[in-house]
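Hi,

Here is the structure I said I would pass along. Have a look at it first, and then read on for my notes.

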Amino acid sequence: MKEYILIVEDDNDINHMLKELLEQHNYKTAQAYSGTESLLYMEQRQPAAVILDLMLPGMSGEEVLCSIKEKYPQTAVIVSSAKDEINSRVSLLRMGADDYIVKPFDTEELLARLEAVLRRSNSIPRIVEQEGDKGQITKKVLKYKDICIQSEDFSVTVNGQEVLLTKREYLILELLMSNPRKVFTKSNIYESVWKEEFLGEDNAVNVHISNIRQKLSKVHAGETYIQTVWGIGFKMN
């Protein structure tokens, strides 16, 4: 059985058609018929992806999209709408939509787009809470690609091999991994890690990023983990 997919569609026929289609392809599904209902579902269990209609009763699809991306940035969202204007699509993608499909759509195209966003989601970090013998949470592990970091002891491994980082290097890597789609400016990084106001002249961020890259590349030379977005900042690659 594949991942859970949340269908948010107020048209009963379309909602059930999507449910049958996805379950025929071994996805588990949940159905919501309004924006409020969809967010209540998200609080209980986060799906791997959401197929989101825009024309919903009460809370609009745009509001639902913004709420999902604010609270659950790891969840992929495919917007489904009859609106075909380029401005509408661009606006929704900028709001955080992972893809956009125009109604009426071909079911094979929808499945292909869903598979694509789920593949991209595999590179999004996962936080795993590990339990001890008595069921208590012992530590949290953040994973991205083959990097694994543990907040309890600031340890970092790449493909199972330990990488020794300083505390600030660790905090920078943790920040970037916390939202790999986001571009963090030097100001974001400096003020988050150093807890001081960024004055725009300090080269400390560049030096620490360079050190992190060198240490990671010693373990996995063929992988570029941190991307420079020129004129803006850094993000995970």
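To start with something you can check by eye: is Lys145 buried, partly exposed or exposed? With a relative accessible area of 38%, Lys145 counts as partly exposed. Keep in mind throughout that this is a predicted model.

Lys145 sits in the loop between β7 and β8, and its phi is near 50°, a positive value in a residue other than glycine. A second lysine to look at is Lys195, which has a positive phi of about 60° although it is not a glycine either. Lys195 is in the loop between α7 and α8 and is exposed, at 66% relative accessible area. For background, most residues other than glycine have a negative phi, and most peptide bonds are trans. On that second point, have a look at the bond from Lys103 to Pro104, which is cis with omega near -10°. Pro104 belongs to the loop between β5 (99–102) and α5 (107–121).

Now the overall picture. The protein chain has eight helices and 13 strands. Of its 237 residues, 41% are buried. If you take contacts between residues at least 6 apart in sequence, 51% of them join residues at least 24 apart.

Starting at the N-terminal end, β1 (residues 4–8) has four of its five residues buried, so this strand is largely enclosed by the rest of the structure. β1 pairs with β2 (residues 28–32) in the parallel sense, over five bridges, and Tyr4 has Lys28 as its bridge partner in β2. Asn12 is in helix α1 (residues 12–24) and is partly exposed, at 41% relative accessibility. Tyr33 is 21 residues away from Asn12 in sequence, but their C-alpha atoms are 7.9 Å apart in space.

Helix α3 (residues 61–71) has a buried set made up of Gly61, Val64, Leu65, Ser67, Ile68 and Lys69. Those buried residues pack against α2 (35–44), β3 (49–53), β4 (76–81) and α4 (86–95).

Next, the nonpolar cores. The largest one has 29 residues, and the members that touch the most others are Ile147, Leu173, Leu176, Ile189 and Met236. Two or more residues each come from β7 (137–144), β8 (147–150), β9 (155–158), α6, α7 (186–193), α8 and β13. Helix α6 gives the most, with six residues. Leu173 shows how these parts meet: leaving out residues up to four places away in sequence, it touches Ile147, Ile149, Val156, Leu165, Ile212 and Met236. Another core, of 20 residues, lies apart from this one, and its members include Leu54, Leu56, Tyr72 and Ala97.

β8 deserves a look of its own. Both of its faces are covered, with Ile147 and Ile149 buried on one side and Cys148 and Gln150 buried on the other. That fits the general pattern, as side chains in a regular strand alternate between the two faces of the sheet. β8 pairs with β9 in the antiparallel sense over four bridges, and Ile147 has Val158 as its bridge partner. The two strands form a hairpin with four residues between them, where Phe154 in the turn has a positive phi of about 60°.

How do α6 and α8 cross? The axes of α6 (residues 167–178) and α8 come within 10 Å and cross at roughly 85°, which makes α6 roughly perpendicular to α8. On the α6 side the contact uses Arg168, Glu169, Ile172, Leu173 and Leu176, and on the α8 side His208, Ile209, Asn211, Ile212 and Lys215. By type, these residues divide into five nonpolar, two polar and three charged.

Last, the C-terminal sheet. Three strands form an open sheet in the order β11-β13-β12, with antiparallel pairing. β11 (184–185) and β12 (226–229) are at the edges with a single partner strand each, so one side of each has no neighbour in the sheet. β12 pairs with β13 (residues 233–236) over four bridges, and Val229 stands opposite Gly233. Helix α8 (residues 204–219) lies across β12 and β13, running at about 145° to β12.

Happy to talk it through whenever suits you.

Definitions and conventions. Residues numbered from 1 in each chain as written. Predicted model: local features only at pLDDT ≥ 70, side-chain atom pairs only at ≥ 80, totals over all residues. Heavy atoms only, no water. Pairing = 2+ DSSP bridges. Contact = heavy atoms within 4.5 Å. Axes fitted to C-alpha atoms, helices over the stretch in contact; angles between N-to-C directions. Parallel < 35°, antiparallel > 145°, perpendicular 65-115°, else oblique. Nonpolar A, V, L, I, M, F, W, Y, C, P; charged D, E, K, R; others polar. Core = buried A, V, L, I, M, F, W, Y, C linked by side-chain atoms within 4.5 Å. Buried < 20%, exposed > 50% of the residue type's maximum accessible area, 1.4 Å probe, protein only.
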